[in-house]
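Please look over the two chains below. A short report on how they are put together follows.

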Amino acid sequence: MKKIPVIFIYLILYTYSAVSQDYYVYTTAESEDEVALIKFDGKKAEAIKRIPVGVWPAEIEGPHGITVSPDGKFWYLTMAHGNPYGTLYKFSTETNEVVGQTTLGLFPATMQISKATGFLYCVNFNLHGDMVPSTVSVVDPETMTEIKQITTGAMPHGSRISPDGLKHYSVAMMSGELFEIDAISLQVSRVLNLDDAIKSMAKDHANMDHSKMDHSQMDHSKMEHENDKMKGHKMVHSNIKPTWVIPHPDGKKVYVAGNGSNEILEVDLGKWMVTKRFPGDKGPYNVEVTPDGNKMIVTYKSAGSTGVWDLNTGKEVARIKNNRRVSHGIAISPDSRYAFVSIEGIGGEPGSVDVLDLEALKIIDTAEIGKQAGGIYFWKIEHDN
Amino acid sequence: MKYLRPLILHTLSLLILSLLPLGARLQAQENIEIKIATKDLKMNVNETKTISAFVVDSDGNKVEGRKIMYYSSDGKAFEIDSLGVLKSHRPGIHNLIIISPDPDGKFLRKDVPIKIKFPPLAKVAIKDVPDKVYAGSTIPLDISIFDELEMEREDLSAVVSSSDRKIAVIDKFYNLTALKPGKVAITASIEGISGKVNVNISENPVRKINLTVDRDEARTGDVLRFKATAVDKNGKVVKDALIMYTFEGQAYDVSSSASGLIRQDGRFVADEAGLYTITASAGGYATRKAVEIEKRNVKRKIELVGKGIVGDKHTSDFWIWEGIDGKDYGVTGTWGADGTAYFWDVTNPANITKIDSVQVDARTVNDVKVSEDGKICVISREGASNRKNGIVILDVTNPRDVQIISTFTENLTGGVHNLFIYKDHVYALSAGQKYYVINIKDPGNPAIVGKFELDTPHHAIHDVWVDDGIAYSSNWSDGIQLVDVGNGIAGGSPENPVQFASYAYPSGANHATFPFKSKSADKFYVIGGDEIFPYGLNVNGPNVAGGFLHFIDFTDLKNPDEIARFEVPGAGSHNYWVDGETLYVAFYNGGVRVVDISGELMGDLYKQGREIAFILPSDPDGYIPNSPFTWGAQLHKGHIFYSDWNSGLWSAKLEPETPSDTKLESR
């Protein structure tokens with residue numbers, strides 16, 4: 001009987017010694033018109049491929065958002081600038097060659113594919129002039145056709161899907177709204193004005209049951225935000241300036257980056273209200289939650305740092321200075337072990353990706369890529385024997 | 001141990017998975033699918049039909065609890081709601097996507113082709129047939145096919161026939177040739193629908209054609225005007241005779257083609273020196289006239305004068321101006337770098353000296369312009385770290401100590417690629433979509449006062465240039481737009497820009513525009529330039545560009561006429577400048593080309609030998625060494641200044657023109 005634990009330990013040690021893991025992430029370089037494939041072997045991170053993207057060589061087309069299909073066979077890239085509409089490109093992860101494309105709205109930015117429908121949902125950030133309500137494009141990635149544009153708020157960003165794939169969340173940076181879209185009916189199901197929600201929170205309206213408000217029956221897509229009546233109105237700019245929203249893996253709450261208010265907001269999806277505020281460093285921009293649900297990673301764009309929060313205690317356990325200025329996006333490995341943080345840099349500085357060890361709470365290595373590193377998405381783990 | 005925990009779990013899960021039977025892992029998921037109940041999926045336009053689908057197992061039994069959703073892959077072709085009610089709009093075969101969603105990622109999908117039939121054909125129209133056709137003439141017919149919804153079917157061709165092939169025949173290109181007098185019916189038919197037109201063919205009264213030309217000798221590139229007059233046996237002019245002009249020639253250089261261009265209004269231009277014969281014909285009668293064409297002989301020497309090398313980054317646009325101290329200065333932008341603009345003393349063009357620089361938050365300072373009074377410089381920003389981009393207004397009263405007055409980003413956050421300053425206003429592009437007019441009378445407090453934007457689908461803009469109160473914008477596939485911003489021709493102003501003329505050419509590559517009022521030809525040309533990179537752009541090495549300049553005769557604003565081109569083989573056009581009747585154009589890897597654009601313009605200006613000179617900037621200390629890639633050119637006080645993407649700012653001087661009575665060469 002004593003042999004059993006010995007064998008088990010031997011098996012574990014053998015596996016540990018025999019298996020090493022390589023992590024791969026794709027990162028955009030927005031002012032270089034380039035995408036970099038980063039490989040991290042647990043110690044060293046390097047750009048093993050730099051892929052030129054775009055069609056107008058003399059102009060900055062701005063690759064901004066990037067995502068990978070759930071099966072890992074394709075990566076998708078939004079090119080922010082177009083004529084004037086931006087473009088969604090589909091690349092093969094095997095060849096890194098373009099295999100499809102379609103035109104979206106103005107300044108298409110972040111996106112994700114729903115595992116429940118297979119569709120891709122992309123916000124059209126629209127930096128191009130008047131701050132009018134913009135849209136979320138729904139794309140069939142099989143045929144690369146845009147199925148629908150759903151009107152939301154001014155400068156929507158942070159396009160993320162709920163863990164069950166049934167809801168899409170985005171925030172409108174200038175109008176300060178959180179939008180929930182039914183990923184199946186492609187209708188806006190709920191809208192939360194975050195500035196108002198914070199005021200309500202301050203007035204201790206926590207006893208109100210907002211879940212009883214059945215917003216799902218409201219057809220927000222029919223709200224003609226862009227009609228002539230709106231044109232004369234001055235857009236009310238949010239103090240929170242939300243730039244990102246990420247659902248928690250438990251599907252019960254989302255976290256919103258308050259870029260203007262230097263905080264992260266927790267929104268309870270059942271109550272549909274702000275339930276917690278996490279004061280952060282200057283300029284929170286992107287937020288991600290580890291797949292195990294225990295940690296929240298926040299880039300503080302203005303401060304040039306990355307925060308690691310323990311969601312069980314609600315404490316920020318580390319605030320790590322990034323190796324360069326303008327911290328941007330986050331990708332977390334599926335084993336919740338590492339966070340890959342894109343750093344834009346300023347002017348002629350190259351962009352870079354800092355790899356954070358989420359256990360040791362420090363930067364392990366930095367990979368340099370093209371200027372203005374932005375969108376970042378985890379591709380795969382490869383096990384080497 | 002904390003590092004071992006996930007590894008243990010990972011190993012255990014692998015073990016458990018490997019022990020499970022394969023069938024159990026695949027589950028029933030593999031055996032269910034979406035089935036369509038609706039049988040007939042063919043529809044007519046504007047028809048409504050309910051599509052019904054459900055999930056079935058391998059035995060064909062309906063699986064309960066699976067939601068079905070319907071999506072149109074092209075909402076303009078057909079719409080479908082959540083209940084499967086489909087409304088057809090556009091003919092063709094379109095894709096219906098049916099999804100049965102699943103939160104575990106095992107969604108089902110079925111793609112169904114929906115065939116929307118074209119409406120039945122309704123009409124074949126034969127248009128613009130002249131009342132009278134003379135025997136011996138050939139005229140093209142315009143035949144169109146329409147369906148019941150009055151949509152033209154350009155994808156179909158009608159079968160065309162003549163009722164009497166002895167009187168008139170018609171070829172497959174719809175050219176009708178009248179053979180002899182008589183009445184003939186021309187019928188165009190398709191799918192049982194036909195259109196018919198009766199043509200009266202008359203005896204050709206023409207018995208002679210008189211042909212004159214404004215001169216017998218000319219140079220290559222000179223436009224000769226031939227005038228043919230058809231007369232009958234009594235010498236009376238036959239006004240409605242259809243006269244056709246053709247030419248043949250023999251070049252003096254025996255290995256050259258005697259190429260040229262003749263238009264059906266009688267204008268002719270030759271590319272090569274030689275003897276040319278122009279023929280005017282009408283209904284079997286023809287008259288010929290020969291003309292001798294000499295070489296244009298406009299070549300002049302050009303000499304490199306000075307250079308200010310930028311060796312650590314790409315250089316973009318530039319501007320040369322006379323400062324308020326009477327000296328001459330230049331400003332250059334930078335591309336894909338660190339947001340720097342450089343200022344130069346170019347008073348002595350042989351000694352271009354860098355005197356100051358300004359760095360702003362940007363990766364590319366693509367455009368730089370200076371106000372007419374030499375006091376204000378405005379530079380554009382792209383790739384700003386805060387993505388606000390916009391423009392930066394500089395005080396250049398002392399170019400040795402340039403000061404930032406203000407930064408303006410309102411509505412310009414998507415990036416400013418090009419801009420222009422005209423009478424206290426900046427015309428700044430916004431993210432390639434439109435341009436805003438910004439009042440900078442108080443440069444510390446700029447304010448948007450107007451904007452111009454097209455309303456065409458997918459409209460875009462690349463550049464804007466303002467002259468004499470008219471803004472000339474370059475709008476890619478929407479072509480050249482002429483907008484009154486104070487000229488008065490259309491009642492426009494900076495606050496109320498009014499578009500009054502436009503022209504688009506098929507390539508859709510309109511990247512730059514420059515007006516040219518030709519005194520010698522008494523014509524108003526607008527020069528539209530392409531930007532094309534057929535082989536891509538290597539930012540770290542040499543490149544080859546494509547594209548050319550299009551000369552559009554805008555003398556009749558309502559009927560702009562693309563009449564000439566300047567194309568350099570193996571190189572591509574970028575920015576340019578016209579001074580007097582000389583064009584200075586940057587052709588990227590082809591350097592700077594100096595072109596004689598005097599007189600009336602027609603045809604291929606390069607082939608005609610109108611190029612006066614060219615010069616290639618190349619320097620071993622350039623950012624890309626020894627690799628010309630010229631961005632733009634500008635004439636200033638007799639010197640040609642030009643910026644080069646790979647090497648910086650340059651100056652050159654054209655040798656004086658040889659007196660016209662000096663014979664340079666003879667054949």
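In this predicted model, the C-alpha centres of domain 2 and domain 3 of chain B are 29 Å apart. The two domains do touch: 6 residues of domain 2 of chain B are in contact with 5 residues of domain 3 of chain B. On the domain 2 side, the touching residues are 3 nonpolar, 2 polar and 1 charged. The domain assignment of chain B places domain 2 at 121-202 and domain 3 at 225-294. It also gives domain 1 at 27-117 and domain 4 at 302-654.

**Where the chains meet**

Chain B brings 49 residues into contact with 40 residues of chain A. Three elements of chain B give two or more residues each to this side: helix 1 (4-19), strand 5 (69-72) and strand 8 (92-100). Helix 1 of chain B gives the most, with 5 residues. By class, the chain B side has 17 nonpolar, 21 polar and 11 charged residues.

Chain A itself holds 3 helices and 28 strands. Of its 385 residues, 55% are buried. Take the contacts in chain A between residues at least 6 apart in sequence: 47% of them join residues at least 24 apart.

**Sheets and strand pairs**

Strands of a sheet pair through backbone hydrogen bonds, in the parallel or the antiparallel sense. One open sheet of chain B has 4 strands, in the order 11-18-17-14, with mixed pairing. Which strands stand at its edges? They are strand 11 (133-134) and strand 14 (159-162) of chain B. Each has a single partner strand, so one side of each has no neighbour in the sheet.

The table lists three strand pairs of chain B.

| Strands of chain B | Sense | Bridges | Residues opposite each other |
|---|---|---|---|
| 11 and 18 (193-202) | parallel | 2 bridges | V133(B) and I201(B) |
| 46 (549-553) and 47 (561-566) | antiparallel | 5 bridges | F551(B) and A564(B) |
| 47 and 51 (603-604) | parallel | 2 bridges | R565(B) and D604(B) |

Strand 47 of chain B thus appears in two rows. It pairs with strand 46 of chain B in the antiparallel sense and with strand 51 of chain B in the parallel sense.

**Nonpolar cores**

In soluble globular proteins, nonpolar side chains tend to be buried together. The largest nonpolar core here has 152 residues. Those with the most contacts inside it are I379(B), I391(B), L394(B), Y427(B), A428(B) and Y576(B). What does A428(B) touch, leaving out residues up to four places away in sequence? Its partners are I391(B), L412(B), V416(B), L419(B), Y435(B), Y436(B) and I438(B). Another core, of 124 residues, lies apart from the largest one. Among its members are Y23(A), V25(A), I320(A) and I98(B).

**A buried glutamine**

Q481(B) sits in strand 42 (residues 480-484) of chain B. Is Q481(B) buried or exposed? Q481(B) counts as buried, because it has 24 C-beta neighbours inside 10 Å, and 20 are enough. Beyond its neighbours within four places in sequence, Q481(B) is in contact with S473(B), N475(B), Q499(B) and S502(B). S507(B) is 26 residues from Q481(B) along the chain, and their C-alpha atoms are 16 Å apart.

**Two aspartates with positive phi**

Most residues other than glycine have a negative phi. D424(B) has a positive phi, near 65°. D468(B) also has a positive phi, about 55°, although it is not a glycine.

Where are these two residues? D424(B) lies in the loop between strand 36 (419-422) and strand 37 (425-430) of chain B. D468(B) lies in the loop between strand 40 (463-467) and strand 41 (470-474) of chain B.

Their burial classes can be read from the C-beta counts. D424(B) has 16 C-beta neighbours inside 10 Å and so counts as partly exposed. D468(B) has 11 other C-beta atoms within 10 Å and so is exposed. The cut-off for exposed is 12 or fewer.

Notes: Residues are numbered from 1 along each chain as its sequence is written. Chains are lettered from A and ligands numbered from 1 in the order in which they are written. This is a predicted model: local features need pLDDT of at least 70, side-chain atom pairs count only at pLDDT 80 or more; totals for chains, interfaces and linings use all residues. Two strands pair if DSSP finds at least two bridges between them. Two residues are in contact if their C-beta atoms, placed from the backbone, lie within 7 Å. Ala, Val, Leu, Ile, Met, Phe, Trp, Tyr, Cys and Pro count as nonpolar, Asp, Glu, Lys and Arg as charged, and the others, Gly among them, as polar. Domain bounds come from an automatic or database domain assignment. A nonpolar core is a set of buried Ala, Val, Leu, Ile, Met, Phe, Trp, Tyr and Cys residues joined through C-beta atoms within 7 Å.
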